[in-house]
Structures are given as structure tokens and as C-alpha cells.
Amino acid sequence: MKIAIASGKGGTGKTMVATSMAAALAPIHNIQMLDCDVEAPNAHLFLNPTINEIKPASINIPTIDYEQCILCGQCVDICEFNALALLGDKIEVFEQLCHGCGSCSIHCPVNAITETPRKIGELKFGTFNKNRPFLFGELTISEPMSTPIIRQLKSNMKDDVEVTILDSPPGASCSVVATLHDADYVILVTEPTPFGLHDLKQMIGVISETGSLAGVIINRDGIGDSAVEDFLSKNGYPILMKIPYQENIAEGLASGKLLIDIIPEFEDAFLNLYEMIKEQIHEEIYH
Amino acid sequence: MSSLNKVVKELVILSGKGGTGKTSITAALVHLASQSPTKSIFVDADVDAANLALVTSAEHLEQHDFISSKLAQIDPERCNLCNECYEVCRYDAIELPTEANPTYRVIDLLCDGCVSCVYSCPQSAIKMIDQQDGVWFFSSSPYGPLFHAELFPAAENSGKLVTLIRQRTKQFAENNGGHPLIIIDGPPGIGCPVIASSTGVDLALLVAEPGLSGSHDLRRVVQTLEHFQIPQVICINKANLYKKGVEEIKYFAEENNIQIIGELPFDTSIPKAMVQSKPVTVFSPNSPASNEIKKLWEKLQKILFD
Ligand code: SF4
Ligand code: SF4
Ligand code: SF4
Ligand code: SF4
């Protein structure tokens, strides 16, 4: 079972929810944690995993063998991402534009193209809470593409666990889809403000594309109005939890504490939430 | 063109991660700019979660479709089930026939638009279909003109959309005159949309929040901007919330030779203004946060134009 935590914009408390849920479940349930926010990974700062393996995340880019190449220019025409150009008697490869799709090497008429991995980030594997798997990815500075790292991170997931918690990147575009598309349940975190409502609607749009079950956690409850709640009840999305707006929470998070350590009642709340989600997924499957 | 003889300057506001009050500060700067000689045009480059139009009560003057990506589509009439497309697709975007649905299909959400399958299909059964990935707007607000966009949920190419609206903004500024500055509200992260919203700007203002994740995110965005040789300054938000974090940011800034030009207190007038969809300098002009943002604006103008 996969539960993803997502939000339309950054800083709504997504990582706070993901890390506290992971920490609450870890002592009792066989879970693994994946931080898919590879541009700004933070979950490890709160869960302090022991990292015991680091692997490169890479894209396969073309290398041209000029012994073979007949400079026909076909690869240049084929590449959809303008990563290749024929300059004089050379094929120039613009590495950062290459998606690693392999189309050029597959279709070169004389097989002059081989592929070489180019590192764009790192995958880090470890454990937290004694032996629970913790995986995260980190995009290398100045690299533009985070989605391939998320895909590679996810292909390293263990499948002999009861539940996987995925901390999604913020936003509603491709990197979020790469994280969420196969999740059984998505917890959306938002705040009760006009911004929160606007970004939540974007996320509901993503969920309706991926077709996963979803519920909402309202963070900073009390700062705003009831528009988010009205919207949710009208559209049939459950409110899973409310986290109050308190200075001591903001302060505790800043110093690296988990929500369940700042307000211990939340530990039970997350355990109950998990049981509720599990039931809903089962209902959906056996319905 | 070098930044010295550039007619219109560009300032981008970034944070590494959202939620640091970046949009609240941008909205206040936008308001202050409208009250000062440095009249500005605004760009909301956080196209996944575009909020600047909300907080400036902008009204759309123009709306344009953003058509950018392509998705593969298989014609089941022509397909002879040879499996070539499945073999070449590296994005798991080809779905195999099942008993219930005995055709090869493309999973739109996973298709990267690389066209590899089209070249491989012996039956010419696959076509690429243009996709509308979003819309972009030119709007007017009480504080000046605004260019902004909405990427459709689950769409691709946010970087290209950001580049597009930045180009349109520049054209507008150069053709119309009277706006010496473009203020860009940047997206979270350090990847493609952030690079697209900061290449070639004259200055980046980084809004940093004290704390473990804040420091970590700040470091990554600073390194990214350094790589692209973009001048940067820092403003600390919620500075009285976690003293140790403030010290960390200051130490880091000094080490990296980055000036800290503002320290905003934790001030509830910021979320309150946000709930009212108003810049904090309009909602509560004399609040502690507003006063600090006014000083910040003075300093920004000096750095940009002196
Ligand atoms: S398709 Fe092959 S032979 Fe033709 S230019 Fe490219 S590498 Fe050379
Ligand atoms: S692998 Fe794909 S994206 Fe990269 S150069 Fe070849 S065709 Fe272009
Ligand atoms: S390559 Fe063409 S013919 Fe072969 S399975 Fe795919 S769509 Fe059908
Ligand atoms: S266009 Fe590329 S990603 Fe899309 S289905 Fe074809 S091979 Fe796969």
C-alpha cells in the first residue's frame, strides 16, 4: 500500500505530516519512507536516518562513434528535445536538454550511438527507527530535471513492506505526477486561506487524473476562513485532521522536532488516521 | 546585453521552498513599487500554484492558450500488436492489451512525448497529439500590470511556460516604457522552473526562514544561483521565531558573501492580510512586518539602481 502526502505549494506542512506519520507508524507497522521532493529534500532532517548506501541517479545520454557515423543528421531530426545538433562534421550533444529517451540510439541507421550514464543527482538509502527503510533522492545543483530521479528512487522501493509513505514535491506538475500516479491514497495538506483553496483545487485536478483516493489535512487551522471546508464538503472530500496554528509548533519544527513530539496527542491521531485509510482502501478494492 | 546598460531590470524572489512568506513579501513589494518612482511589472512564475493574481485582485485583460507538449496516441485499427512500441518506451507509458481491453494504449500521465514509439511502429499506427498544458494571462491590478499563468493539473513544461511569460513581460516593458523594474515571484525548488525564472535576472532576493529545513533549502538555492552567476541578497522572515536558526543563516550568508538586507518578525498581520487577499502593506500599513518590508524595498531599489 502506498500513501502519498502532497500539497499544491511548498511550505504548507507536507513534510511535517509525512515525517510525523512515518514516526508514529514505524514502531508498530512495517513501513518504509520515501522522500520524493528531490529539489528540496527535508524529511531526513526530521527522521535522522542512518544512510548506508549512496548511488548515482543518472540519465543515459548519447555518445557518437565517429568511425561509424555517416553524418546523416537523422538523430538530430528525431530528438524531440533539441538536445542534438549537426555542427560541421560533429554531432553536438546538449547534455542538460537530453531526456535520456534513447530514441536517437535506437533509430541511428548505422548504430553509431551508444549511451553513457550522466549523473544528475544521488539516491540515498538507509534506515530509521532501527530497521525501517528510508530512501531519498537529491537533485544535483544546476540540473534541471527532477522527474528521472523520482522514477529511479521509486524503482528502488522495497515491496515487502506493509505501507510506503511518499513525501511528494510541491506543485501540481510532472514531478508530482511521477510521485503520485500509483499511490493508493493521497493526503493533501492545505491551509484555510484563499491561497490554500486555490492550490487545493489544482491538487484535486491532479487526483482526478491519477484516480487515487484522497483526503485533506488542514494545517494552520484558525488563521483563515471556512472556504476550504465548504469546498471540501461540497465536493465530497473528507477532512482527515486539523493542525492548529500555534507558535510553539512553528518553533518546534524550526528546531527539527516532529509534530508528534511537540504535541504528543498527534501520535494516536496518526495511528487512527492510518487505520481509517487502510479500511477505505480495502473497501475500494473489494467493492 | 550586460546588466549595466539594460533598460528594464529584473528582480526574482525565491525561497528554495514555499511557505516562507515569499508571495506575501512579493505582494507587499508590488504594492510599494506602485507607490514609488520605481513602477514595476509583476510576473508570477510559480505557475503550479499561482497566487499573486489573487492577492493583487488582478483582472484579466488577455488570455492565451499554452500549447507545448505532445502525447502519443495509438490507432487500434492499424496496430498489429507487434509490441515494438512497448519495447522502446522508457517511460512505461505503453499499456499492454488485456482481456478486457485487447488493444495497445498510451498512458497519457506517463508519456514523455519523446516520439520514439512513432519511429518504431511498423504500421504507422502512432500519432503525436498536441496538448494544451495551461493558459497565460496579461492582467491589470491596482499596483500595475501583471503577467501570470496557470499550468493545468498534471501538465508538463512549467519551465517553458515561465520562459514564455518572462519574454512577454520584457517585450511589454520595452515597448511601453515607464516601468524600470520587473518583479518575478519565483517557484519553489531548484530545478527547471527555478532556473527558467532566474536566468539573466539582475538580482535574486531569497526569503529565508530560520530552522533546520529553512537553512538546508537556502543552501541549495544559493548554490544554484551561484552556478548561474546571479547576484543575490537575503531577507530573513519570522526572524524572532527561532534565534539559533537566524544565527545559522547569518553565518552562512557571511561565509558566502551574501548581504542580509532585511529581517522580518513573526507577525500575524501577514497571514491575516493573506486571508483578506491583500498585500500586508495595504491591510496593515504600520504593522511591524510592513515597516520592515518598506525598509527592504528602499534597500532593493538602491542595490538595483544606484
Ligand atoms: S543518426 Fe547516426 S549516423 Fe546519422 S548523424 Fe546521427 S549518429 Fe550519425
Ligand atoms: S536520448 Fe532522446 S533526448 Fe537524448 S539526445 Fe537522444 S533523442 Fe534526444
Ligand atoms: S508498434 Fe505499432 S503496431 Fe506495434 S504494437 Fe505498437 S502501435 Fe501496435
Ligand atoms: S512518445 Fe515516448 S514516452 Fe510517449 S509512449 Fe511513445 S515512447 Fe513512450
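Let's start inside chain A of this predicted model, where two helices, α1(A) and α11(A), meet. On the α1(A) side, the residues taking part are A:Val17, A:Ser20, A:Met21, A:Ala24 and A:Leu25. Their partners in α11(A) are A:Glu267, A:Phe270, A:Leu271, A:Leu273, A:Tyr274 and A:Ile277. If you sort the residues of this contact by character, you get nine nonpolar, one polar and one charged.

How do these two helices lie relative to each other? Helix α1 of chain A covers residues 14–25, and helix α11 of chain A covers residues 265–286. Their axes come within 9 Å and cross at roughly 90°. Angles from 65 to 115 degrees count as roughly perpendicular, and α1(A) and α11(A) are therefore roughly perpendicular to each other.

Now let's move to the place where the two chains meet. How many residues of chain B are in contact with chain A? There are 56 of them, and they touch 62 residues of chain A. The size of an interface is often given as the accessible area lost when the parts come together. Between chain B and chain A, the buried area is about 5,100 Å², and carbon and sulfur atoms give 60% of that.

Polar and charged groups also meet across this interface. The rule finds 28 residue pairs in polar contact between chain B and chain A, counting pairs with both residues at pLDDT 80 or more. The count of salt bridges between the chains is three. You can look for one between the side chains of B:Arg90 and A:Glu115, with a distance of 2.7 Å from N to O.

Which parts of chain B build its side of the interface? At least two residues each come from α2 (52–55), α4 (116–120), β7 (144–151), α6 (192–198), α7 (212–227) and α9 (269–275) of chain B. The largest share, eight residues, comes from α7(B). By character, the residues on this side of chain B divide into 29 nonpolar, 18 polar and nine charged.

Finally, let's turn to the backbone. Most residues other than glycine have a negative phi. Against that background, two residues are worth finding in the structure. A:Arg220 is not a glycine, yet its phi is positive, near 55°; A:Arg220 sits in strand β10 of chain A, residues 213–221. B:Val115 is not a glycine either, and its phi is positive at about 75°. You will find B:Val115 in the loop between β5 (105–106) and α4 of chain B.

How values were computed:
Residues are numbered from 1 along each chain as its sequence is written. Chains are lettered from A and ligands numbered from 1 in the order in which they are written. This is a predicted model: local features need pLDDT of at least 70, side-chain atom pairs count only at pLDDT 80 or more; totals for chains, interfaces and linings use all residues. Side-chain values use heavy atoms; hydrogens and water are left out. Contact means heavy atoms within 4.5 Å. Buried area is the accessible area (1.4 Å probe) that two parts lose on being put together, summed over both. A salt bridge is a side-chain nitrogen of Lys or Arg within 4 Å of a carboxyl oxygen of Asp or Glu. A polar contact is a pair of N or O atoms within 3.5 Å; within protein, one must be able to donate a hydrogen and the other to accept it, and residues adjacent in sequence count only if both atoms are side-chain atoms. Helices (H or I, at least four residues) and strands (E, at least two) are DSSP runs, numbered from the N terminus. Ala, Val, Leu, Ile, Met, Phe, Trp, Tyr, Cys and Pro count as nonpolar, Asp, Glu, Lys and Arg as charged, and the others, Gly among them, as polar. Axes are lines fitted to C-alpha atoms, for helices over the stretch in contact, and angles run from 0 to 180 degrees between N-to-C directions. Angles under 35 degrees count as roughly parallel, over 145 as roughly antiparallel, 65 to 115 as roughly perpendicular and the rest as oblique.
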